[in-house]
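Q: Could you take me on a close look at one part of this structure, the spot that its UniProt record annotates as "active site"? I'd like to know which residues it covers and what they touch.

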Amino acid sequence: MANSPDIRRQLKTYGLTPPAVESHEVQAQRCLRLLAMKPTPIEKFQYLTHLRATNVHLFYRLMSENIKELTPLIYTPTVGEACVRWHEIWTQPEGMYLSWNDRGHLREILDNWPHEVEITVLTDGSRILGLGDLGVNGMGIPVGKLALYTACAGIRPSGTLPLTLDLGTGNEALRNDPLYMGSRTPKISAAEEKEFLDELMTALTDKWPSIVIQFEDFKSPFPALERYQNKYCMFNDDVQGTGAVIVGGFINAIRASGVPAKDHRAVFLGAGSAGVGVAKQIVEFFIKEGVTEEEARKKFWFVDSKGLVTHDRGDKLAEHKVYFARDDNNGRQYQSLSRLIDFVQPTILMGLSTIGGAFNKDILQKMAKLNDRPIIFPLSNPSSKSECTFDEAVHNTEGRCLFASGSPFPSLEYNGKLLTPGQGNNMYVFPGIGLGAILSKSITISQDMIYASAESLSTALNKQETADGWLYPDIRRIREVSVVVTRGVIRAAQQNGVDRAVELRQMSDDQLDVYIKERMYDPFNEIEKTTYPVTQPAGSGHHPFANGNGVGHVTNGLNNAHL
């Protein structure tokens, strides 16, 4: 509908659409009206999925102008329901599926993907958000994540590959569901997964030597991260991205609290991979503030389903929990979060437990009594799993809390002042990590590059956001924020010597920002870039077919649905 009559004639589409030539503004208005007609979030998700598949530039124009409103519909929290129901709502392929039965042929299968890939997000679906093992239904996560890579950091849509590994599932209900589209077998063993991933990583980097590989929603993320992070350009967003985005907001919360870094104490509810990943990156922050690693490590008290994580509680600790396990509990075991808060008197309370409502009135009021500006971060997704809401945190801390959550919550008015919650959404950092790795042509993604994304994020607030006490920038400025994060990631790659685009080292920060912006996909100028072969003059003032219709087929490979 945006094509002129002349272009429609050349594309042989004249007469196949209504005669009006529409501007983007008119098209966007129609899309938003159609979206408003959908009564439930999952129906809105399905409409946006269809729009992305049939009119990719219009979809990303809509995203760029409505990022705050549409992100919850294409990613968390709606993507959680979409994954649970993926076998019921699936209508078209949107990525690649590689099965355990395909081993030995993975490289050959990758040749079926028609585009040159810059970045892939891959999952085995074994731990989707807080929803458990969903098998191949987990494809909603790579699809949604890569849409955000494009919307937030301008990575070209055709350069992204959503990838789901069908390695069986422990979800018996799904295996028995006639609509389930994956293998109806139990989850393979850890040794078999290692064998499969070794072949996959070799295949991906042979097919696309500069590919950035992001792991997502694996039940046990650490083995693959430790095995591959120094060999491939890869990272795990659950561990490293989550840690980085929380550190970015945490740095600003520490500044706002008025308490010196050395005097903070943190209680973490939830001792899974995400919680430990966050804490390890906060340890880096404390070390940079002049605290020793041992002192920094001792600032954390982790609580899991069995209570305080200690060396002497009688069970064998998972390997990733050992680093933060306490040995100063004098033989006492704390199974109650409330009692532990009395004992530790923390300045910081973080939740990565997926236990909705775990930070109840009693817990929040204790934090308010202990601190002038308590730091409250309920980070579990989706919102139904959040440890508390923004409203609960504000009203039970007399409006004094420094708050960030994993899921979005609305602003509210308290004592005549409009308060806006921070959202520690990974989309603040992972797009910049990916784009920084792509542009610097990194060999690996170092821990310094991950930490640089957090540090850069903490500097990305503008003056008004800082004055209003925000911990994170306005999500509507995400493209600007991604430039700052990308620059920081590139500089860290240069300092670590893992960059291959060495010509970028000579650029000033301002020059590098311009370089980054020029290479970001912009859905608004895609049509302007498009040219069509003209075999006959259009004939000014005449009907489009006045000069005959003997125009050859367009051979520039563009899909008319994208125009």
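A: Here's a walk through that spot, with a bit of the whole chain at the end.

Keep in mind that this is a predicted model. The "active site" label comes from an unreviewed UniProt entry, and it covers Tyr75 and Lys145. Those two are spread over 71 residues of sequence, yet they cluster in space, with a largest C-alpha distance of 7.2 Å.

Start with Tyr75. You'll find it in the loop between helix H5 (67-74) and helix H6 (78-84). Tyr75 has a relative accessible area of 5%, so it counts as buried, the cut-off being under 20%. Leaving out residues up to four places away in sequence, Tyr75 touches Ile141, Gly144, Lys145, Leu148 and Glu216.

Now hop over to Lys145, which sits in helix H9 (residues 140-153). Lys145 is buried too, with a relative accessible area of 2%. Setting aside neighbours within four places in sequence, its contacts are Tyr75, Val121, Gln214, Glu216, Asp237, Asn426 and Phe430. So the two annotated residues touch each other, and Glu216 is in contact with Tyr75 as well as with Lys145.

How does that fit the rest of the chain? Of its 563 residues, 56% count as buried. Among contacts with a separation of 6 or more, 71% join residues 24 or more positions apart. The chain has 24 helices and 14 strands. Its radius of gyration is 25 Å, close to the 24 Å from the globule rule, so the chain is as compact as a globular protein of that length.

Technical notes: Residues numbered from 1 in each chain as written. Predicted model: local features only at pLDDT ≥ 70, side-chain atom pairs only at ≥ 80, totals over all residues. Heavy atoms only, no water. Helix = DSSP H or I, 4+ residues; strand = E, 2+ residues; numbered from the N terminus. Rg over C-alpha atoms; globule rule 2.2 N^0.38 Å. Buried < 20%, exposed > 50% of the residue type's maximum accessible area, 1.4 Å probe, protein only. Contact = heavy atoms within 4.5 Å. UniProt positions renumbered as here; feature names shortened; annotations may be inferred.
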